[in-house]
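Please report on how the two copies are arranged, and on the sheet and helix packing within one of them.

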Protein chains: 4
Amino acid sequence: MNVLVWYENKPLPEAVEAERRIYPNGIHGALGELFVTQPDFLVRTRVMQDTGQGLTDEDLDWTNVLVYFSHKHWRDIADDRVAAMQKRVLEGMGLLLLHSSHASKIFSRLMGTRTQCLRWREADEWQRVWTVNPAHPIAQGLEKEYFIIPKDETYGEYFEIPQPDEQVFLTTSQGGEVLRSGCCWYRGLGRIFYFSSGHETYPVYYQSEVRQILINAVRWVHTGNKRIGWPNWARESGFIE
Amino acid sequence: MNVLVWYENKPLPEAVEAERRIYPNGIHGALGELFVTQPDFLVRTRVMQDTGQGLTDEDLDWTNVLVYFSHKHWRDIADDRVAAMQKRVLEGMGLLLLHSSHASKIFSRLMGTRTQCLRWREADEWQRVWTVNPAHPIAQGLEKEYFIIPKDETYGEYFEIPQPDEQVFLTTSQGGEVLRSGCCWYRGLGRIFYFSSGHETYPVYYQSEVRQILINAVRWVHTGNKRIGWPNWARESGFIE
Amino acid sequence: MNVLVWYENKPLPEAVEAERRIYPNGIHGALGELFVTQPDFLVRTRVMQDTGQGLTDEDLDWTNVLVYFSHKHWRDIADDRVAAMQKRVLEGMGLLLLHSSHASKIFSRLMGTRTQCLRWREADEWQRVWTVNPAHPIAQGLEKEYFIIPKDETYGEYFEIPQPDEQVFLTTSQGGEVLRSGCCWYRGLGRIFYFSSGHETYPVYYQSEVRQILINAVRWVHTGNKRIGWPNWARESGFIE
Amino acid sequence: MNVLVWYENKPLPEAVEAERRIYPNGIHGALGELFVTQPDFLVRTRVMQDTGQGLTDEDLDWTNVLVYFSHKHWRDIADDRVAAMQKRVLEGMGLLLLHSSHASKIFSRLMGTRTQCLRWREADEWQRVWTVNPAHPIAQGLEKEYFIIPKDETYGEYFEIPQPDEQVFLTTSQGGEVLRSGCCWYRGLGRIFYFSSGHETYPVYYQSEVRQILINAVRWVHTGNKRIGWPNWARESGFIE
């Protein structure tokens, strides 16, 4: 399974040092290191500063799963890259969107809503991640009905997303917010998972439960679908390319 | 629209006085008073001490909507009454289940899971009721994305329910729990709404947002369905009565 | 309730005469005549040839529900009109999409998929519209589990839509196709219903069951939502306008 | 992965010979032979005539997935066996229900509806199985948007089931019926898939697309969950055993 880890890699000046201390190789580096532990994953990392913003047609054709972490500069992704990503998802690419990627163009395009819209606060609060669908593949390996992340950015509702096809996690914060934090959608031949944890100035991606979820999620969004040219009649009708 | 308000009416000894102070006519009385404010509702109240446990065939045939509040004595409802309620829901009766009714036999029968299973704590905590589907009919009339109930019993996940067909509310507590607290299901020709707020020793049902939700919910679960004998072939096959 | 009926009004040359014979005042005229029978509906009709393509900001602000019928010229709708419609739906406008409107830009934008993609055939075939959620408000008033449309255009799967939040109808054709033909979605503060019946050269919109569904659907997509400025924090954050 | 294939094994007298000709070792034999082709499956078969109706606690504890095929004698399963199966599903057992098993007590108990209720006809008709969620794991490996089963029993709506959490397949028949034929549900820690194809007097289970689906389905319903004693607080509260 080919896994492309993409990171915006442009932290705000005030966060640069904290991020470097926690993730010396960047978030893409940390995620890459996690995924290479899986013998059946072939991992590549890209950042927004790379050629074609790190999302060239070659990159997108190569990968089966795109792990995507954007942040404040979500508006900078070129429209043709967004269109390419959407097409690939509809043709079978899995998409794992992390944390601030809720604001990404690709997410709001696939959802049809203003996914930028949620409540947020950086306040060093603890978060509790609750499993509300323990039968779900992404929830496998978690021992208890919730686990605690000692510090993360607080996100809260109202989160303008379509009702998830499957709701796996809900996250509550010390301040009393809640977010639908682990959400699955099917779009065409592809699968999408949004997971809210992981502000880049906290060591969230080193936590064992989170690492379990990330690996489960990559496996779940991976469809193995490569139905080039399907469905045929729509193509022949000229409706879709 | 005929509305039957049913209450177990058997509070624990230690709660009798608090409940009487807050709800002098019982919870059924308070809910009945709320619903008669609607010109198109015809309201009847019953308690478990009534004939046929207040759920006779005549009661169930009369009503379009059953508003149900059970508590510690949920095991006492006779199986034939549970079967009658299930049949009526499948034939078009609306069912509004409140608070501790999550443990009721009728709820777990319609869901197929052990709905008794949730986390609970009586600790005078505040609760925040978040609207996560603001387009939903049951959420109409609420001004903000959440409202606060100053004191209520805390319920929390893991709540063994099927994924709701529509998730309208989530409730967080002072202690950090969350519950899928406003949940819709379709079963046969009927509609069901579970709403978690309303411990009987707090004045929750006098709160304006809660009253708005209760009225919306009665209207939503009401189907107007009376398709006696439908679907025909299954009846003719002898599969169902 | 304000209802705006919008029709593309540009039939293919070979269909002009058939359509005129069946719908002398156009489809928008026929639908308008149906909706004015409801005492609480205030109806306006627009066509693509009107000012602002019949979808001006004033039109969209005026209406609570937009009934939309586009056909072969779906590509002609200006992007700023599509954006305006999307914004209005997310802010509470109901949207009823009919038949060939599956190809519309507004539909594919709200869904995030290539909704143009389905199988179709004009072959004078009968269609059976099956009710698979008889508890749903849109299915109220239909006596049997299916009804027949003697002749309509045949649509079939694979239809590239997200899984509907609620699946109300499925339609089978004489040739053996099936389409998820009555589909509900929630998007932000708004509600959407797609209904596939109604090729403009057949008298489908005079059929009583279809008329019942259309009226139910307008009532269902109507939210009564006008939460201008909600949710506040996202607006203040600059995330959304 | 342990897979228990259970078959009622009591065909109607008039069907005995046809079934023996097509499935010399019974349906359980044929399914067992299919599943042993998978190197990671450990397969056991049981029939209703076995000890404990072939569903002893030892059988249910041993297996990870129960493949269940009941027919006319669905009423004969003892209530304590049904309760045991339900408990095991809620604790993580996968359940694959085939064809006439729609009428089984375990299915209607997990659904809360009268799943016996559907339209049926034995008329040697062809069936078309349409994939409406091509991203779904159970749909993997199917090349086209539909495949044909030359002859099978016709099932049709209205099928009294809750809205599936995921709708994978729809089946149309030569006579114009449709059934929601490939349906997924989550219940507690377990997963359930109902698949309608496979009347025992036709060679349906030798067909390659059907065999692909059956294998995919066993893999999908398998959760790997064995969270004995979870969730704890409900157990300590005495709510569930």
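Copies are superposed by least squares on the C-alpha atoms of residues with pLDDT of at least 70 in both. This is a predicted model, where local features need pLDDT of at least 70, side-chain atom pairs count only at pLDDT 80 or more, and totals for chains, interfaces and linings use all residues. Residues are numbered from 1 along each chain as its sequence is written, chains are lettered from A and ligands numbered from 1 in the order in which they are written, and side-chain values use heavy atoms, with hydrogens and water left out.

A turn of 180 degrees and a shift of 0.0 Å along the axis lay chain A on chain B with an RMSD of 0.0 Å. The two copies are thus related as by a two-fold rotation axis. In chain A, A:Gly176 has the C-alpha nearest the axis, at 3.2 Å.

Chain B holds an open sheet of nine strands with mixed pairing, in the order β2-β1-β3-β4-β9-β8-β7-β5-β6. Strands are DSSP runs (E, at least two residues), as are helices (H or I, at least four), numbered from the N terminus. Two strands pair if DSSP finds at least two bridges between them. The edge strands of chain B are tabulated here.

| Edge strand | Residues |
|---|---|
| β2 (chain B) | 42-47 |
| β6 (chain B) | 146-156 |

Each has a single partner strand, so one side of each is left without a neighbour in the sheet. Inside chain B, β3 (residues 65-69) and β4 (residues 94-98) pair in the parallel sense over four bridges. B:Val67 stands opposite B:Leu96 in β4(B).
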